[in-house]
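Here is a short briefing on one protein chain. Look at the fold first, then follow the topics below.

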Amino acid sequence: DDQIERERVAQHLAGGCCALAAIYLMGKFYVANAGDSRAIIIRNGEIIPMSREFTPETERQRLQFLALLRPELLGKEFTHLEFPRRIQPKELGKKMLYRDQNMNGWAYKKIEEDDLKFPLIYGEGKKARMMATIGVTRGLGDHDLKVFSSNIHIKPFLSCFPEVRVYDLTQYEHCPDDVLVLGTDGLWDVTSDKEVAGVVMEVLTSYEPNDPCRYTMVAQELVVRSRGVLKERGWRLANDKLGSGDDISVFVIPLGGPGNYT
């Protein structure tokens, strides 16, 4: 993250990205995630999550706590409190549900003038945005990113620190069909963990266990199915729902060595 900032100044480069890394070291996989990419292990048909997405919803309390500690970062445009919906001026003095950085549930508060500001976190699911700008809360770069038509910087709320999960390969017997799947959000936006596991099993069983191409073909199939087919109404999946409009990158890494099946 510091290097990206130095390059931004020296080479006038802007922008940022999420990061998902898997490192094998002394019999263990270390999976580090900063962003909304995802990693899962498929072992004997079982799905084992190896990361979680960092979004305004999943990191609500961290974001609200930072905003509480440093209200100047909100530029007098946003409130760190969360409400079920946007508050209208006519609702001043009335009671409405809210929650702050310490709350998992909701409580009532009397609406004040300050509550009319735009929420720090607004929207639900994939439509959730921080400061009405960005839908991911960890990653690298984006030092220049600002709220539209303002001088409010987003970067103080974006963490470059990943969450790391560890998987000990020595604890289990792995066959050639056991894999680690790494994918950007373009894959997971339209394909569930269970669907990914289904594609993995479907493609792997159509190749010999010793064929090194089998894992590349799984990754390719996952990308193709998530993008869909181009039709008159845009890219469509097999169920006619919209295909992924985001970039899709997929890695499929075998956990077991080659073997023979009967």
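The protein chain has 5 helices and 17 strands. The model is predicted. Its mean pLDDT is 91, and 98% of the residues reach 70 or more. Along the principal axes, the C-alpha atoms fill a box of roughly 75 × 45 × 40 Å. Of the 262 residues in the chain, 42% are buried.

**Confidence and annotation**

- Confidence varies between elements: strand E14 (residues 179-183) has the highest mean pLDDT, at 97.
- Strand E16 (residues 234-236) has the lowest, at 78.
- An unreviewed UniProt entry lists residues 1-255 as "domain: PPM-type phosphatase".
- That span is 20% helix and 26% strand.
- The C-alpha atoms at the two ends of residues 1-255 lie 30 Å apart.

**The nonpolar core**

- In soluble globular proteins, nonpolar side chains tend to be buried together.
- The largest nonpolar core here has 19 residues.
- Val-181, Val-196, Leu-222 and Val-252 have the most contacts inside this core.
- Which elements give two or more residues to this core? They are E4, E14, helix H3 (185-188), helix H4 (193-204), helix H5 (213-227) and strand E17 (250-254).
- H4 gives the most to this core, with 6 residues.

**Aromatic rings**

- A search of the whole structure finds 4 aromatic pairs.
- One pair is Phe-78 with Phe-118: the ring centres are 6.1 Å apart and the planes meet at 85°, so the pair is edge-to-face.
- Phe-78 lies in strand E6 (residues 78-79) and Phe-118 in strand E9 (residues 118-119), so the pair ties together parts that are 40 residues apart in sequence.
- Is Phe-78 buried or exposed? Phe-78 is buried, because its relative accessible area is 7%, under the 20% cut-off.
- Phe-118 has 23% relative accessibility, so this residue counts as partly exposed.
- Ring pairs also bring in Tyr-122: Phe-78, Phe-118 and Tyr-122 are linked into a cluster.

**Charges over rings**

- Arg-43 lies over the face of Tyr-172, 3.7 Å from the ring centre.
- Arg-138 has its charged end over the ring of Phe-54, at 4.0 Å from the centre of that ring.

**Cysteines**

- A disulfide is a covalent bond between the sulfur atoms of two cysteines.
- How many disulfides does a search of the whole structure find? The search finds 0.
- Why is Cys-17 not bonded to the closest cysteine sulfur? That sulfur belongs to Cys-18 and is 7.0 Å away, so the gap is too far for a bond. The cut-off for a disulfide is 2.5 Å.
- Cys-18 is in no disulfide either, with the sulfur of Cys-17 as its nearest cysteine sulfur.
- Cys-17 is partly exposed, with a relative accessible area of 42%.
- Cys-18 is also partly exposed, at 28%.

**Loops and backbone angles**

- Most residues other than glycine have a negative phi.
- His-12 has a positive phi of about 55°, although this residue is not a glycine.
- Where is His-12 found? His-12 is in the loop between helix H1 (2-11) and strand E1 (16-17).
- His-12 is exposed, with a relative accessible area of 69%.
- Asn-44 also has a positive phi, near 55°, and is a residue other than glycine.
- Asn-44 sits in the loop between strand E4 (38-43) and strand E5 (46-49).
- The relative accessible area of Asn-44 is 74%, so Asn-44 is exposed.
- Pro-212 is found in the loop between H4 and H5.
- Pro-212 is exposed too, with a relative accessible area of 65%.

**Distances across the chain**

- Asn-44 and Cys-18 are 26 residues apart along the chain, and their C-alpha atoms are separated by 30 Å.
- Pro-212 and Leu-140 are 72 residues apart along the chain, and 33 Å separates their C-alpha atoms.

How values were computed
Residues are numbered from 1 along each chain as its sequence is written. This is a predicted model: local features need pLDDT of at least 70, side-chain atom pairs count only at pLDDT 80 or more; totals for chains, interfaces and linings use all residues. Side-chain values use heavy atoms; hydrogens and water are left out. Rings of Phe, Tyr and Trp (its six-membered ring) pair if their centres lie within 6.5 Å; planes under 30 degrees apart count as stacked, over 60 as edge-to-face and the rest as tilted. Helices (H or I, at least four residues) and strands (E, at least two) are DSSP runs, numbered from the N terminus. Buried means under 20% relative accessible area, exposed over 50%, partly exposed in between (1.4 Å probe, protein chains only). A charge sits over a ring if NZ of Lys or CZ of Arg is within 6 Å of the ring centre and within 35 degrees of the ring normal. pLDDT is the predictor's confidence in each residue, from 0 to 100. UniProt positions are given in the numbering used here, feature names are shortened, and annotations may be inferred rather than shown by experiment. A nonpolar core is a set of buried Ala, Val, Leu, Ile, Met, Phe, Trp, Tyr and Cys residues joined through side-chain atoms within 4.5 Å.
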